[in-house]
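Here are my notes on the model, set out as numbered points for you to read beside the coordinates.

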There are 2 protein chains.
Amino acid sequence: MIDFSSDRPVHWQLADIIGADIAAGRVKPGQVLLSETRLMQQWELGRVAVRQALGVLRGEGLVDTVKCEGSYVRRQAPLDRVAVQGPVEVTVRMPSPEERKDLNIPEGVPMFVIKEPRKRSRTLSADRTVLVWAGEDRVASEEH
Amino acid sequence: MIDFSSDRPVHWQLADIIGADIAAGRVKPGQVLLSETRLMQQWELGRVAVRQALGVLRGEGLVDTVKCEGSYVRRQAPLDRVAVQGPVEVTVRMPSPEERKDLNIPEGVPMFVIKEPRKRSRTLSADRTVLVWAGEDRVASEEH
DNA sequence: GCCCATTTGTCCGTATGTATA
DNA sequence: TTATACATACGGACAAATGGG
């Protein structure tokens with residue numbers, strides 16, 4: 001499966017393979033992937049390449065690596081629908097490590113920054129949130 | 001500056017240091033950072049630690065690494081103000097490598113997914129875009 | 001055009017610490 | 001206690017692209 005003569009780096013190839021497995025549902029959300037060592041053996045790669053591949057998948061938000069346990073396929077968190085009422089300006093960026101900790105945002109997940117006039121910005125983890133311009137006078141955040 | 005006896009990993013410490021330099025403007029947008037080798041010498045770290053630190057900064061969208069040149073402090077792209085009209089649903093996620101390529105999105109930058117009723121989703125690089133709900137019937141994207 | 005130093009990208013191997021089962 | 005597994009580091013090596021002489 002891995003083509004060592006390809007000009008596509010092997011850790012990208014491995015990330016492609018695992019990502020395709022996830023997309024196809026061959027490994028399901030919440031399920032743990034093979035360990036680094038198993039992946040090294042199965043694909044005949046070094047540890048660095050395997051870790052780089054997992055790093056790519058974390059960066060894409062597809063998996064979540066837990067120390068001393070393994071890398072899990074990320075569960076699709078139930079979405080909070082957050083309604084906003086204009087005029088609003090919305091930007092998005094990656095959180096700093098501190099913001100990740102404060103807002104409980106996993107690695108590879110961006111962050112909403114919502115600026116309403118005369119208010120200070122609201123920040124929301126983007127993997128749990130769908131932003132809705134309702135046009136109605138409901139601004140509540142529907143917690144599930 | 002780097003505390004090897006700290007329980008905070010050295011590559012995080014280095015990312016903190018460089019990130020603080022960027023935030024304070026001691027290195028300016030468009031400017032190139034010291035090379036990996038220089039950073040290794042200056043901070044007495046191995047290459048892996050230096051690369052991990054740069055990887056952290058890329059993941060935060062602070063720097064952009066160009067092969068055979070160096071890591072540059074990312075220029076703040078001039079923002080396109082994109083006006084939307086309700087009802088609209090906005091989600092955000094990290095692009096896949098293919099989408100990054102297609103939409104010309106740098107590493108560490110998330111992507112808007114804008115779903116308007118009866119239309120197919122629009123995707124926009126989030127580092128160039130500020131989303132505005134104006135409440136008016138103007139849906140144009142004001143290119144600068 | 002060519003050489004050469006620089007710089008990052010891509011790999012390998014090895015080692016230690018630490019949390020989990 | 002033992003085995004497993006990941007996190008953090010070190011070292012080395014070669015390839016590929018860039019830019020200056």
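Which atom of B:Val10 lies 2.5 Å from a phosphate oxygen of DNA strand D? The first point takes this up, after a word on conventions. This is a predicted model, in which local features need pLDDT of at least 70 and side-chain atom pairs count only at pLDDT 80 or more, while totals for chains, interfaces and linings use all residues. Residues are numbered from 1 along each chain as its sequence is written, chains are lettered from A and ligands numbered from 1 in the order in which they are written, and side-chain values use heavy atoms, with hydrogens and water left out.

1. It is a backbone N or O atom of B:Val10 that lies 2.5 Å from the phosphate oxygen of DNA strand D. In the side chains of A:Arg51 and B:His11, an N or O atom is 3.1 Å from a phosphate oxygen of that strand.

2. DNA strand D is surrounded by 17 residues, each with a heavy atom within 4 Å of the strand. Of the strand atoms that come within 4 Å of the protein, 77% belong to sugar and phosphate.

3. In α3(B), the buried residues (under 20% relative accessible area, 1.4 Å probe, protein chains only) include B:Ala49, B:Val50, B:Ala53 and B:Leu54. Just after this helix, B:Gly61 takes a positive phi of about 75°.

4. Chain B can be laid on chain A with an RMSD of 0.1 Å by a turn of 180° and a shift of 0.1 Å along the axis, when superposed by least squares on the C-alpha atoms of residues with pLDDT of at least 70 in both. The two copies are thus related as by a two-fold rotation axis.

Technical notes
Buried means under 20% relative accessible area, exposed over 50%, partly exposed in between (1.4 Å probe, protein chains only). Helices (H or I, at least four residues) and strands (E, at least two) are DSSP runs, numbered from the N terminus. A polar contact is a pair of N or O atoms within 3.5 Å; within protein, one must be able to donate a hydrogen and the other to accept it, and residues adjacent in sequence count only if both atoms are side-chain atoms.
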